[in-house]
Amino acid sequence: MAGQAWPFRGAVNAFQGTRPLTPAARCSAAIEVLTDIAERRRPAADALKDWGLAHRFAGSGDRAGIASLVYDALRRRSSAAWIMGSEAPRAVLIGALRLQQGLAAASVAALFSGERFAPEPLTDDERARLETGTLEGAPPEVAGDAPSFVLPDLAPTLGDDLIPELKALARRAPLDIRVNALRGPREDILPALAAYGAAPTPHAPAGLRIPIGADGRGPALHVEAEFLDGWYEIQDEGSQLAALLAAPRPGETIVDLCAGGGGKTLALAAETGNGARLIATDGDPRRLAPIHERLRRSGAVAEVRTPRSGRARTDVLEDLDGTVDRVLVDAPCTGSGTWRRNPDAKWRLRPGSLAMRTAEQAQVLDRAARLVRPGGRIVYVTCSLLSAENDAAVAGLLSRWRGRFTVDAATDVLAAGPASLGAAVRTTTHGIQMSPHRTGTDGFYVAVIARNG
């Protein structure tokens with residue numbers, strides 16, 4: 001099917017979307033989307049959106065099922081191509097059905113039957129590879145489904161856990177929420193979410209984890225009354241823990257320098273009981289757009305400073321220089337720690353984009369350094385596993401501001417979090433690293449940097 005036109009637009013239009021697509025037809029659609037991604041080198045979300053617009057007869061369940069197939073294929077792109085002996089979208093999907101979903105050759109053959117709307121039948125070679133293909137002897141970038149150029153950076157940090165961590169990054173991510181302490185304790189919301197199987201997260205004291213379905217989808221929690229009333233936010237446990245390790249205190253002036261949509265801003269407000277002066281901003285004004293509604297819904301109190309767009313952009317924090325107690329830098333990064341959720345991002349990552357991100361990190365850290373008062377703290381956070389964005393970024397700040405900053409010990413940083421976290425995280429030269437294999441979270445890095453008095 002790769003490269004061929006979608007075969008049944010007119011036929012299915014007769015149902016006007018009332019009849020769901022068969023699993024085989026979803027496989028055909030997934031191959032079409034994967035072909036679009038490969039040929040045009042575009043984000044998976046864009047390709048899926050365009051497919052849905054061009055095939056409006058497909059219902060929401062169909063679109064979600066096709067997205068699950070596409071993302072699973074991207075998670076296992078290298079290893080699937082290895083066992084199938086081809087990088088073609090069809091081969092990658094076939095390999096992923098076996099590696100990610102555990103389907104036997106006979107089950108895959110039933111989907112690839114060549115019948116109405118189904119992909120062409122398996123060839124003898126495809127069937128043989130499904131039955132006998134193995135990852136034995138595969139190089140690390142294949143066994144771990146990661147770009148080869150990042151392995152030299154990851155290996156010193158991950159050590160013997162390199163392949164287990166990469167494999168964990170190739171699995172589906174859980175669905176975590178943070179209960180809003182401004183509304184009430186975690187125990188108060190559990191009965192309302194009991195039907196979804198909600199259970200406390202392993203480490204975050206305000207976190208709940210919701211089981212996802214066999215297709216990788218979770219429930220639509222954003223339409224529940226409790227969400228609309230501000231009782232919880234959808235937030236990975238690692239992100240919750242990063243905000244907790246920032247150790248915000250009532251009475252402090254705290255700047256969330258790269259606030260984006262405001263996830264950590266809301267967590268900081270809840271942690272301090274709205275007792276801190278909290279200022280949220282972002283270098284990209286567009287990213288701040290969701291924060292206003294989220295603040296209203298949650299009851300969190302924060303001052304949002306939005307820079308003007310265009311060349312004449314002013315520094316909206318200039319009046320705070322040298323006075324801020326705590327600056328949270330949730331830095332722009334490659335997002336390598338979130339590959340479970342955004343598997344296509346790892347295949348679009350290039351050395352040039354990594355260099356661009358590290359330059360941005362240096363710039364935002366220098367801005368934080370000018371904001372923080374003597375004795376104050378910069379809390380540097382990334383959702384990355386790459387040392388170039390983590391320890392190296394902190395080392396760069398220490399070098400540029402020689403003698404004016406020191407790094408807090410990992411034990412001091414961890415003291416702000418739950419006792420269980422210390423045994424789970426990986427400590428690095430300057431910070432701590434959470435990861436899917438060790439902590440069951442996205443790959444978050446946290447370092448706390450003190451300005452010397």
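Start by selecting arginine 178 and glutamate 233: in this predicted model, glutamate 233 in strand 4 is the bridge partner of arginine 178. Now widen the selection to the strands around this pair. Strand 1 covers residues 175-179, and 3 bridges tie it to strand 4, with the two running antiparallel.

Keep arginine 178 highlighted and add glycine 207. Arginine 178 has a bridge partner in strand 3 too, and that partner is glycine 207. Strand 1 and strand 3 are joined by 4 bridges and also run antiparallel.

Next, click on alanine 199. What stands opposite alanine 199 in strand 3? You should find arginine 209 there. Strand 2 and strand 3 pair through 2 bridges, again in the antiparallel sense. Follow the chain from strand 2 to strand 3 and you'll trace a hairpin, with 6 residues making the link.

Time to show the whole sheet. It's an open sheet of 4 strands in the order 2-3-1-4, with antiparallel pairing. Which strands sit at the edges? They are strand 2 (199-200) and strand 4 (232-234), each of which pairs on one side only. If you turn on side chains here, keep one rule of thumb in mind: in a regular strand, they alternate between the two faces of the sheet.

Now select residues 237-245. This is helix 14, and it lies across strand 1 and strand 3 (207-210). Look along the helix and strand 1 together: helix 14 runs at about 35° to strand 1.

Leave the sheet and select Ala38, Leu74, Arg77, Glu87 and Trp347. Of the 19 residues that line the second largest pocket, these lie nearest its centre. The volume of this pocket is about 540 Å³. Colour the lining by class and you'll get 11 nonpolar, 7 charged and 1 polar residue.

Which helices each supply at least two residues of that lining? Show helix 2 (23-40), helix 5 (77-84), helix 6 (89-99) and helix 17 (343-348). Helix 5 gives the largest share, with 4 residues.

Last stop: colour everything by pLDDT. The protein averages 93, and 95% of the residues score at least 70. Then select residues 1-17, where pLDDT stays under 50. The model does have 29 contacts beyond four places in sequence for this stretch. Still, where pLDDT is low, the predicted coordinates shouldn't be read in detail.

Note on methods: Residues are numbered from 1 along each chain as its sequence is written. This is a predicted model: local features need pLDDT of at least 70, side-chain atom pairs count only at pLDDT 80 or more; totals for chains, interfaces and linings use all residues. Side-chain values use heavy atoms; hydrogens and water are left out. Two strands pair if DSSP finds at least two bridges between them. Contact means heavy atoms within 4.5 Å. Axes are lines fitted to C-alpha atoms, for helices over the stretch in contact, and angles run from 0 to 180 degrees between N-to-C directions. On a 1 Å grid over the protein atoms alone, a cavity is a set of points where a 1.4 Å probe fits but cannot get out, and a pocket is an open set with protein on both sides within 12 Å along at least five of seven lines; lining residues have an atom within 4 Å of a point. Grid points are joined across faces, edges and corners, and a volume is the space filled by probe spheres set on the points. Ala, Val, Leu, Ile, Met, Phe, Trp, Tyr, Cys and Pro count as nonpolar, Asp, Glu, Lys and Arg as charged, and the others, Gly among them, as polar. pLDDT is the predictor's confidence in each residue, from 0 to 100.
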